[in-house]
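I set out to record how the interior of this model is assembled. The entries follow the order in which I looked things up.

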Amino acid sequence: MDELFTGYYQSPIGMICIQCNRQAVVRLHFVKHPDEEAIVQPLAGSPPVLKQALEQVAQYFEGRRQSFDVPVDLSGSPYYIKVWRELMHIPYGTTCSYGALAAAVGNAKAARAVGLANNRNPVSIIVPCHRVIGANGTLVGYGGGLHRKQWLLDWEKSHTFVGLF
């Protein structure tokens, strides 16, 4: 098993934990109680990818980044990985229904399977599962809580700009 390095970012909607191996981000999620030791020395001995991830997440929450280029290492079933990779094609500031995402990965009738894959996304925000909504436009499920999903969608809509960062 790869050695993991952890860093934290205090976002406007809660503390975010980012975990990386030496090459890529493997997990990004919201936490209630961060590891106090990691907060004091989050980058001591950590690989550059952790600093890069923390910087890009900060830029996202500052409204200066719409896409991420930090490497991610997605671990899951081949189907889950296919869904997670497709999530990365949903443009900033837009949404997609579970059914449309299911169609994009090859089976329009697999909205529930897509929902389950979305729920298991290990790299929230960078792999933007918050951009997937119900067919009728309602917010459905988000591991970080629906209030965060709504905040992220509203944030992106209000910070959409033309061009790349």
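The notes below concern the nonpolar core, one helix and one hairpin.

Basis. I worked from a predicted model, in which local features need pLDDT of at least 70, side-chain atom pairs count only at pLDDT 80 or more, and totals for chains, interfaces and linings use all residues. Residues are numbered from 1 along each chain as its sequence is written, and side-chain values use heavy atoms, with hydrogens and water left out.

Core. I looked up the largest nonpolar core (buried Ala, Val, Leu, Ile, Met, Phe, Trp, Tyr and Cys residues joined through side-chain atoms within 4.5 Å) and found 44 residues. Ile16, Ile18, Val25, Phe61 and Ile125 have the most contacts inside this core. Helix H2 (48-61) supplies its largest share, eight residues. Helices and strands here are DSSP runs (H or I, at least four residues; E, at least two), numbered from the N terminus.

Ile18. I then listed contacts (heavy atoms within 4.5 Å). Beyond its neighbours within four places in sequence, Ile18 touches, among others, Val25, Leu50, Ala53, Leu54 and Val57.

Helix H2. I noted that 10 of the 14 residues of H2 are buried (under 20% relative accessible area, 1.4 Å probe, protein chains only), so H2 is largely enclosed by the rest of the structure. Its buried residues include Leu50, Ala53 and Phe61, and their cover includes E1, E2, E3 and H6. Just after H2, Gly63 takes a positive phi of about 80 degrees.

Hairpin. I found E1 and E2 antiparallel and joined by seven bridges, with two residues between them. Thr6 has Gln19 of E2 as its bridge partner. In E1, five of seven residues are buried.

Terms used
Buried < 20%, exposed > 50% of the residue type's maximum accessible area, 1.4 Å probe, protein only. Pairing = 2+ DSSP bridges.
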